[in-house]
Amino acid sequence: MPPRKLSAVASGVAAQGERADTKAAMHAAEVIRLKILEGLLSPGQRLIEPDLMSELGVGRSTIREAFLRLDSEGYVELRHQRGAIVGR
């Protein structure tokens with residue numbers, strides 16, 4: 001039996017949603033990166049997810065994706081069960 005058209009439409013919507021999430025995470029990472037570079041976030045300071053979620057108007061997964069990006073760039077250190085900390 002051929003695939004239903006609805007499935008094709010639904011997969012397109014999911015792809016658009018994924019792009020929007022990635023764009024939001026990129027924006028969140030940029031805002032956090034600038035705060036670090038401007039000295040508004042100090043080395044060793046713990047980054048509080050709920051505070052950033054509220055400030056940036058995004059969800060937890062977006063903040064976590066931003067943390068992953070910043071960790072790969074060396075701006076943030078991710079610590080198991082301790083969260084994200086501004087790199088030294």
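**Notes on a small sheet, three helices and a few telling residues**

1. Let's start with Leu41. Leu41 is buried, with a relative accessible area of 11%. Leu41 sits in the loop that links α1 (5–37) to β1. So a loop residue can be hidden too: the cut-off for buried is under 20% relative accessible area, and Leu41, at 11%, falls below that. Keep in mind as you read on that this is a predicted model.

2. Who surrounds Leu41? Leaving out residues up to four places away in sequence, Leu41 touches Ile32, Lys35, Ile36, Leu47 and Val86. There is also a nice example of chain folding here: Leu41 and Gly87 are 46 residues apart in sequence, yet their C-alpha atoms are 9.9 Å apart in space.

3. Now step back to the whole protein. How many helices and strands does the protein have? The count is three helices and three strands. Going along the sequence, these elements come in the pattern α-β-α-α-β-β. Try tracing that order on the structure above before you go further.

4. Next, the sheet. The three strands make an open sheet, and the order across it is β1-β3-β2, with antiparallel pairing. The strands at the edges are β1 (46–47) and β2 (76–79), each of which pairs on one side only. Helix α3 (residues 60–73) packs on this sheet and touches β1, β2 and β3, with its direction at about 115 degrees to that of β2. As a reminder from your lectures, strands of a sheet pair through backbone hydrogen bonds, either parallel or antiparallel.

5. Let's look at how the strands are joined. β1 pairs with β3 (residues 83–86) in the antiparallel sense, over two bridges. On the other side, β2 and β3 also run antiparallel, and four bridges join them. Which residue of β3 is worth clicking on? Ile85 is a good pick: Arg46 stands opposite Ile85, and Glu77 has Ile85 as its bridge partner as well.

6. The turn between β2 and β3 deserves a look. That hairpin has three residues between its strands, and Gln81 takes a positive phi near 60 degrees there. What makes that worth a comment is that Gln81 is not a glycine. Is Gln81 buried or exposed? Gln81 is exposed, with a relative accessible area of 76%. The cut-off for exposed is over 50%, so Gln81, at 76%, clears it.

7. Back inside, to the nonpolar core. The largest one has 14 residues, and those with the most contacts inside it include Leu41, Ile32, Ile36 and Phe67. Which elements give two or more residues to this core? They are α1, α3 and β3. Ile36 makes a handy viewpoint: setting aside neighbours within four places in sequence, Ile36 is in contact with Leu41, Tyr75, Val76 and Val86.

8. Here's one that may catch you out: Arg33. This residue is found in helix α1. Arg33 counts as buried, at 14% relative accessibility, because the limit is under 20%. The side chain of Arg33 makes a polar contact with the side chain of Glu30 (2.3 Å). Apart from neighbours within four places in sequence, Arg33 is in contact with Leu70, Glu73 and Tyr75.

9. Glu49 is another residue to check. You'll find Glu49 in helix α2 (residues 49–56). Glu49 is buried, with a relative accessible area of 15%. What does the side chain of Glu49 make a polar contact with? The partner is the side chain of Arg60, at 2.6 Å. With neighbours within four places left aside, the contacts of Glu49 are Arg60, Ile63, Arg64 and Phe67.

10. Finally, some totals for the protein. Buried residues make up 23% of its 88 residues. The accessible surface comes to about 6200 Å², and carbon and sulfur atoms account for 55% of that. Of the contacts with a separation of 6 or more, 53% are between residues 24 or more positions apart. The pair of Glu49 in α2 and Leu41 in the loop before β1 would be a good place to practise reading the buried values: 15% for Glu49 and 11% for Leu41.

Notes: Residues numbered from 1 in each chain as written. Predicted model: local features only at pLDDT ≥ 70, side-chain atom pairs only at ≥ 80, totals over all residues. Heavy atoms only, no water. Pairing = 2+ DSSP bridges. Contact = heavy atoms within 4.5 Å. Axes fitted to C-alpha atoms, helices over the stretch in contact; angles between N-to-C directions. Buried < 20%, exposed > 50% of the residue type's maximum accessible area, 1.4 Å probe, protein only. Areas by Shrake-Rupley, 256 points an atom, 1.4 Å probe, with all protein chains shown as cover. Core = buried A, V, L, I, M, F, W, Y, C linked by side-chain atoms within 4.5 Å. Polar contact = N/O pair within 3.5 Å; in protein donor to acceptor, adjacent residues only side chain to side chain.
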